[in-house]
Amino acid sequence: MHKHLKDILITHEQIVEESKLLGARISEDYKDQDQSLILVALLKGSVPFLAELMKHISIDIEIDFMDVSSYGMGTESTRDIRILKDLERSVQGRSIIIVEDIVDTGRTLEAVLKILKNKGASTIDVVSLLDKPSRREVTVDVKYVGFEIPNEFVVGFGLDFAEKYRNLPYIGVMHEDYY
Ligand code: PRP
């Protein structure tokens, strides 16, 4: 375990097993689509989860990426997100699954859902490795959840603190001395 952590919350083995289950569910749910499913991963935290999950999806998929800023200017009620990197290809009339590492307040997802609807996607679902429902500020429907977690400061498997710890192969809880 990394010395800045106090605990391992979810092991690498658990992440792989859960990704297999999620991949199988998604493959079954989308098996009758005419066009391939598009996985839209939100940079950067979702990268390790996307890489694991896609190995376990057996239907044809495409992948694309978006990067959005955290809220930017504005008060709580008016804040919005800025697109730092947009999709490369059209999603008009296509089925999309947004791939997230964690859903916290839900505000990122709420904004991205709005953007993708405006781009004309026909269906949009969400898969997230982690869900912290106790922190939710807006209602968002996360169809595929890997692990529901308590309100702990977690890092690893894509999740960072000041851009560090994304490379850890597990999800750990930060030790108070280091943040
Ligand atoms: C994190 C995470 C989600 C978002 C969740 O991204 O990857 O996108 O925050 O928080 P919310 O539900 O409160 O909106 P972050 O902006 O830290 O970027 P990163 O993925 O590059 O770390």
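Which residue just after H3 takes a positive phi? In this predicted model, the residue is Gly120, whose phi is about 90 degrees. The helix that precedes Gly120 spans residues 107-118 and has twelve residues. From its first C-alpha to its last, H3 reaches 17 Å, which is close to the 16 Å expected at 1.5 Å a residue.

Seven positions of H3 are worth listing by name. Arg107, Leu109, Ala111, Val112, Leu113, Ile115 and Leu116 are buried in this helix. The cover over the buried residues of H3 includes five strands, namely S2 (37-42), S3 (61-68), S4 (83-85), S5 (95-103) and S6. Ahead of the helix, Thr105 is found in the loop that runs between S5 and H3. Thr105 counts as buried because its relative accessibility is 8%, below the 20% limit for that class. The C-alpha atom of Thr105 is separated by 23 Å from that of Asp7, and the two residues are 98 residues apart along the chain.

A second helix, H2, covers residues 47-55. Its buried residues include Phe49, Leu50, Glu52 and Leu53. These buried residues pack against helix H1 (12-29) and against the strands S2, S3, S5 and S6. The loop between S2 and H2 contains Lys44. Lys44 is joined to Leu43 by a cis peptide bond, with omega at about 0 degrees.

Strand S6, which appears in the surroundings of both H2 and H3, comprises residues 123-131 and contains Ser128. Ser128 has a relative accessibility of 0% and therefore counts as buried. When neighbours within four places in sequence are left aside, Ser128 is in contact with Phe49, Glu100, Asp101, Ile102, Val103, Val142, Tyr144, Val145 and Gly146. Among these contacts, Phe49 is one of the buried residues of H2.

The largest pocket has a volume of about 790 Å³. It is lined by 31 residues, and those that lie nearest its centre are Ser70, Asp101, Ile102, Thr108 and Asp160. S3, S5 and H3 are the elements that give two or more residues to this lining. S5 supplies the largest share, with four residues. By class, 13 of the lining residues are nonpolar, seven are polar and eleven are charged. Asp101 and Ile102, both placed nearest the centre of the pocket, are also among the residues in contact with Ser128.

The structure holds three aromatic pairs. In one of them, the rings of Phe153 and Phe161 have their centres 5.2 Å apart and their planes at 90 degrees, so this pair is edge-to-face. Phe153 is partly exposed, at 26% relative accessibility, and Phe161 is also partly exposed, with a relative accessible area of 28%. Phe153 takes part in another pair, with Tyr179; here the ring centres are 4.4 Å apart and the planes lie at 50 degrees, so the pair is tilted. Phe153 lies in the loop between strand S7 (144-148) and strand S8 (154-155), whereas Tyr179 lies in the segment after strand S9 (171-174), so the pair ties together parts that are 26 residues apart in sequence. Tyr179 has a relative accessibility of 48% and counts as partly exposed. Phe153, Phe161 and Tyr179 form one aromatic cluster.

Positive phi values also occur in residues other than glycine. Glu163 has a positive phi of about 70 degrees although it is not a glycine, and for Tyr165 the value is near 75 degrees. Glu163 lies in the loop between S8 and S9, and Tyr165 is likewise placed in the loop between S8 and S9. Which of the two classes, buried or partly exposed, applies to Glu163? At 46% relative accessibility, Glu163 counts as partly exposed. Tyr165, by contrast, is buried, with a relative accessible area of 6%.

Conventions:
Residues are numbered from 1 along each chain as its sequence is written. This is a predicted model: local features need pLDDT of at least 70, side-chain atom pairs count only at pLDDT 80 or more; totals for chains, interfaces and linings use all residues. Side-chain values use heavy atoms; hydrogens and water are left out. Buried means under 20% relative accessible area, exposed over 50%, partly exposed in between (1.4 Å probe, protein chains only). Contact means heavy atoms within 4.5 Å. Rings of Phe, Tyr and Trp (its six-membered ring) pair if their centres lie within 6.5 Å; planes under 30 degrees apart count as stacked, over 60 as edge-to-face and the rest as tilted. The expected span of a helix is 1.5 Å times one less than its number of residues. On a 1 Å grid over the protein atoms alone, a cavity is a set of points where a 1.4 Å probe fits but cannot get out, and a pocket is an open set with protein on both sides within 12 Å along at least five of seven lines; lining residues have an atom within 4 Å of a point. Grid points are joined across faces, edges and corners, and a volume is the space filled by probe spheres set on the points. Ala, Val, Leu, Ile, Met, Phe, Trp, Tyr, Cys and Pro count as nonpolar, Asp, Glu, Lys and Arg as charged, and the others, Gly among them, as polar.
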